[in-house]
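Colleague: Could you take a close look at one part of this model for me, the aromatic rings and what surrounds them? I'd also like to hear about any odd backbone spots along the way.

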Amino acid sequence: MSAAIDRMAAFVAASQPPAEARARAGTAVMDTIGVALAGTGEPAARIVRDAVTRVGEAPCSVWGSAARASAPDAALVNGTAAHALDYDDMCFVSLAHPSAPLVPAVMAAGERAGASGRAVLDAYVVGFEIQARLGRLMNPRHYQRGWHCTSTLGTISAAAGASRLLGLDAATTAHALAIAASSAAGLKENFGTMVKPLHAGLAARDGVTAALLAKGGLTGSAKAFDGPQGYLHAFDSERTDLAGEIADLGHRWEILDTGITVKLYPSCAGTHPTLDALLDLRRRDGFSGDDVDRIEIDVDPIVPTILIYDRPASALEAKFSMPFCAAAAAVFGRVGIDTFDEAVLRDPAVTAMMARVTMRVDGEIGRGKPSLTEARVRVVLKDGRPLAKDAHGARGYPANPASADELAAKFLACATVALGGSRATQVQSFLRSLETAPSLTGIAI
């Protein structure tokens, strides 16, 4: 195989993540399972579950139900549920939701392999590292081109994590990564539809499948990533020096350096800096929706490529609408799962406010900063007073992380939707001690 794919495969198969990296992974696993449980009732998650699952002796859990499935199909269902509410975590290096495909993939592969909790966390870390390095190399051009990184990069990370748990050696792992490179896809044009969460499920499924196929002897190209017709060129990578980008794998840990963003609002990450600033202004100055004449929002050039619905026609589209999210925040003073009910979309106060929200691109916004992290918000009240606030990230971002109490409260609020309060608390306790769990059979999720 080529030097680049060999280097990635050797890292996946044999690296030893530090304890702090496993701790970050543990947070991601708990948060992702929580939002997946809350997402199990969403139409996309139900449709996928009904298509592939059955009650019986299949080896892997389908979260929030009595159904069982093969490892690839469990990853598909759980991955779709994890992304169904757009409440799952983000990484601004990869411009992806790293955990929605990766957690379901490693949990399913871990169940199939009888792996320990520590092995699952290590597998998460190596998958995250591979995804982040590809994201650094390929973005923003890859993302701007229209590819959904959660899927295109997530397929590779899921294959890496599953390969680790299935005990593949470096040579076989290289083939798994090559197989995954031909499975990756996902178009941003499908944002605001049920296909977007399906992207995460497909990435999880295809990553696990790639590892199983490689384990069975299927082989792929040595140049699947950096060949002239390989992954990087086909997906319009910003740069193509893969060997240089991965040279310090195992020495520098992206999960520690740049971290993971935990969402505190169940909407597209491009709305979060604005929502934080707007809600801060509302609390600070005590205005209500009735007091607002107009809201003006300046954003970086990437934001309009994902917030593509000025006048959303469905709750899914509303998650990708700056006018809706800003209007709801101004009217209600909060944004939660119930904000994206169809009734709120038709609320007269919200629809009237949406018409008074303007989003503009300012090329200076976010210059030198990760995309989707900066915004400038100006609220003009009906009495003429202008109120303004610049947003630099949002709560839950690595520089301003969610507290342990916030994470715990989010998990229980989400998990209780599917499990009820008692079982949600039991699952939370199990996941908190996942690193010391001898296997994943300690509790039914």
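Modeller: Here is a walk through the rings, followed by the backbone. Keep in mind that this is a predicted model.

Let's begin with the ring pairs, of which there are 8. Take Phe191 and Phe320: their rings form a tilted pair, with centres 5.3 Å apart and 40° between the planes. The two residues are 129 apart, so to speak, in distant parts of the chain: Phe191 sits in the loop between helix H9 (170–181) and helix H10 (195–215), while Phe320 belongs to the loop between helix H16 (315–318) and helix H17 (322–332). Phe191 counts as buried because its relative accessibility is 2%, under the 20% cut-off. Phe320 is buried too, again at 2% relative accessibility.

Next come Phe324 and Phe340, another tilted pair, at 5.6 Å centre to centre and with 50° between the planes. Phe324 is in helix H17 and Phe340 is in the loop between H17 and helix H18 (342–345), so this pair ties together parts 16 residues apart in sequence. Both Phe324 and Phe340 are buried.

There's also a cluster: Trp147, Phe225, Tyr231 and Phe235 are linked by ring pairs.

Some rings have a charge over them as well. Lys188 lies over the face of Tyr143, 3.8 Å from the ring centre. Tyr87 has Lys410 over its face, at 4.1 Å from the ring centre.

Now for the backbone. Most residues other than glycine have a negative phi, and most peptide bonds are trans. Asp86 has a positive phi, near 55°. You'll find Asp86 in the loop between helix H4 (71–83) and helix H5 (99–113), and it counts as buried because its relative accessibility is 3%.

Asp236 has a positive phi too, about 60°, and it isn't a glycine either. Its place is the loop between helix H11 (231–234) and helix H12 (242–245). With a relative accessible area of 16%, Asp236 is under the 20% cut-off and therefore buried.

Last, the peptide bond from Asn139 to Pro140 is cis, with omega near 5°. Pro140 lies in the loop that runs between helix H6 (117–138) and helix H7 (141–144).

Conventions: Residues are numbered from 1 along each chain as its sequence is written. This is a predicted model: local features need pLDDT of at least 70, side-chain atom pairs count only at pLDDT 80 or more; totals for chains, interfaces and linings use all residues. Side-chain values use heavy atoms; hydrogens and water are left out. Helices (H or I, at least four residues) and strands (E, at least two) are DSSP runs, numbered from the N terminus. Buried means under 20% relative accessible area, exposed over 50%, partly exposed in between (1.4 Å probe, protein chains only). Rings of Phe, Tyr and Trp (its six-membered ring) pair if their centres lie within 6.5 Å; planes under 30 degrees apart count as stacked, over 60 as edge-to-face and the rest as tilted. A charge sits over a ring if NZ of Lys or CZ of Arg is within 6 Å of the ring centre and within 35 degrees of the ring normal.
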